[in-house]
Each structure stands twice: as C-alpha cells, then as structure tokens.
Amino acid sequence: MLKIGESFVFEDDWSQRRSSFMYFEGDETETPSWSVDIGFAAGDFHGQKISPSICINPIDTDKRSATDLAGESFSVMTMEESLDREDSFYIYEHEPLVDYQLKIIEIRTNKAHIKCSGTLIVDGYAQPYAKEKFEIDSWIPIIQSATDWEKFGL
C-alpha cells in the first residue's frame, strides 16, 4: 500500500513483474546487494488516474542471504544523492526522490515486508517542485534469479 499526502491511497499491484525485492549474491569481484521496485494499482491522484511506482537501485550489503536482510535499513537525505543513485518515483514520469528511509521489516515465505517513507516530487516542471510526503507498507516477492518469478505465477 502506498499513501501520498493525506488523501491518496494505492494498493499493491501483483498482476505483473512490477514489484520485486531483488537480492544479488555477489561473487569474488562483486559485493552482495539488494534493490526494491514496487508498482501500485491505478488510482485517482488529483483527478487523474495514475499507476505510481518506486525504484530503489542496488544497495551494497555484507549479508550473505536474502533472509539475513530482515532489519536492514537504508536512507537518502538529499535529492542530489537520489539523482546520483538514479532512484526514482513515478507519478507522471520518473523523478528523483527528495529524501526517503527504507526498512526491511521481515522476510518470510519468499516475500519481503518493506516500509518506506519520505518526500517525492510529483511535478518536476513546477517551480518550485511540487512535493508530497509518502508512506509505503508492502509485501513484495523476493527474486534472486529469473526462475523465481514462477513461484508467484508470473
């Protein structure tokens, strides 16, 4: 579930491969990392129908399995950091996040419970940028290889 501001709520969209908690095991030359993509079902946003999504690119970790990541957190405190990482939130188009805090609450049955909150840009053309607070509380599939999608019928 995604809440934008005080009034706009969007449910998770499980119909496609839009939502995933990716864990990359790494090897001798790469550190393990994880990333988050969450897509939400279409809903009303200021009179327009949108299908929002968030993309948090890989975050390095010293954890050796996805299940060890429960309790991990990550944050970005400036829009410049979000731009450098290429993290984005899609409302009308992809925009960097102003700031966010992401936490892995729990890992259970091939799914990750994710909470994320912060500030997103809803209109990057407005001067100053139009911004809103957001909160996410979602369970998303853990994907470590292409065959993992089959576990979720996708």
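The following legends describe an overall view and several close-up views of a predicted model of one protein chain.

**Figure 1. Overall view of the protein chain and its secondary structure.** The protein chain contains 1 helix and 13 strands. Along the sequence these elements follow the order β-β-β-β-β-β-β-β-α-β-β-β-β-β. The C-alpha atoms occupy a box of roughly 45 × 35 × 25 Å along the principal axes. The radius of gyration of the protein chain is 15 Å, which agrees with the value near 15 Å that a compact globule of 154 residues would have. Among contacts with a separation of 6 or more, 57% join residues 24 or more positions apart.

**Figure 2. Surface and charges of the protein chain.** Of the 154 residues, 42% count as buried. The protein chain exposes about 8300 Å², and carbon and sulfur atoms supply 47% of this area. The protein chain carries 14 positive and 29 negative charges, and the mean positions of these two sets lie 6 Å apart.

**Figure 3. The largest nonpolar core.** In soluble globular proteins, nonpolar side chains tend to be buried together. In this model the largest nonpolar core comprises 34 residues, and Phe21 and Phe134 have the most contacts inside it. At least two residues of this core come from each of the strands β1, β2 (8–10), β3 (20–24), β4 (33–39), β7 (53–60), β11 (97–108), β12 (111–123) and β13 (130–143).

**Figure 4. Surroundings of leucine 2 in strand β1.** Strand β1 spans residues 2–4 and includes leucine 2. Leucine 2 counts as buried because its relative accessibility is 0%. The C-alpha atoms of leucine 2 and isoleucine 136 are 4.5 Å apart in space, although 134 residues separate the two in sequence. Beyond neighbours within four places in sequence, the contacts of leucine 2 are Phe8, Val9, Phe10, Phe40, Pro52, Phe89, Phe134, Glu135 and Ile136.

**Figure 5. Serine 20 and proline 141, two buried residues in contact.** Serine 20 belongs to strand β3, and proline 141 belongs to strand β13. With a relative accessibility of 3%, serine 20 counts as buried; proline 141, at 1%, also counts as buried. Residues up to four places away in sequence being left out, serine 20 touches Ser35, Val36, Asp37, Ile140, Pro141, Ile143 and Trp149. On the same basis, proline 141 touches Trp14, Ser19, Ser20, Phe21, Asn110, Lys111, Trp149 and Phe152. Trp149 therefore appears in the contact lists of both serine 20 and proline 141, where contact means heavy atoms within 4.5 Å. Proline 141 and arginine 108 lie 33 residues apart in sequence, with their C-alpha atoms 9.8 Å apart.

**Figure 6. Contacts of serine 53 in strand β7.** Serine 53 is located in strand β7. Its relative accessible area is 16%, so serine 53 is buried, the cut-off for a buried residue being under 20%. Apart from neighbours within four places in sequence, serine 53 is in contact with Arg18, Ile38, Gly39, Phe40, Ser88, Phe89 and Tyr90. Phe40 and Phe89 are also among the contacts of leucine 2.

**Figure 7. The loop between β12 and β13, with glycine 124 and a cis peptide bond.** Glycine 124 is placed in the loop between β12 and β13, as is proline 128. The peptide bond from glutamine 127 to proline 128 is cis, and its omega is near -5°. Glycine 124 counts as buried because its relative accessibility is 19%, and the cut-off is under 20%. Not counting residues up to four places away in sequence, glycine 124 touches Glu95 and Tyr129. The C-alpha atoms of glycine 124 and alanine 66 are 35 Å apart, and the two residues are 58 positions apart in sequence.

**Figure 8. Two loop residues with positive phi.** Histidine 46 lies in the loop between β5 (43–45) and β6 (48–50). Phi of histidine 46 is near 55°, a positive value in a residue other than glycine. Threonine 109 lies in the loop between β11 and β12. Threonine 109 likewise has a positive phi, about 50°, without being a glycine. With a relative accessible area of 65%, threonine 109 is exposed.

Notes: Residues are numbered from 1 along each chain as its sequence is written. This is a predicted model: local features need pLDDT of at least 70, side-chain atom pairs count only at pLDDT 80 or more; totals for chains, interfaces and linings use all residues. Side-chain values use heavy atoms; hydrogens and water are left out. Helices (H or I, at least four residues) and strands (E, at least two) are DSSP runs, numbered from the N terminus. The radius of gyration is taken over C-alpha atoms; the globule rule is 2.2 Å times the number of residues to the power 0.38. Buried means under 20% relative accessible area, exposed over 50%, partly exposed in between (1.4 Å probe, protein chains only). Accessible areas come from the Shrake-Rupley method with a 1.4 Å probe; for residues, only the protein chains shown count as cover. Lys and Arg count as positive and Asp and Glu as negative; His and the chain ends are not counted. The place of a charge is taken as NZ of Lys, CZ of Arg, CG of Asp or CD of Glu. A nonpolar core is a set of buried Ala, Val, Leu, Ile, Met, Phe, Trp, Tyr and Cys residues joined through side-chain atoms within 4.5 Å.
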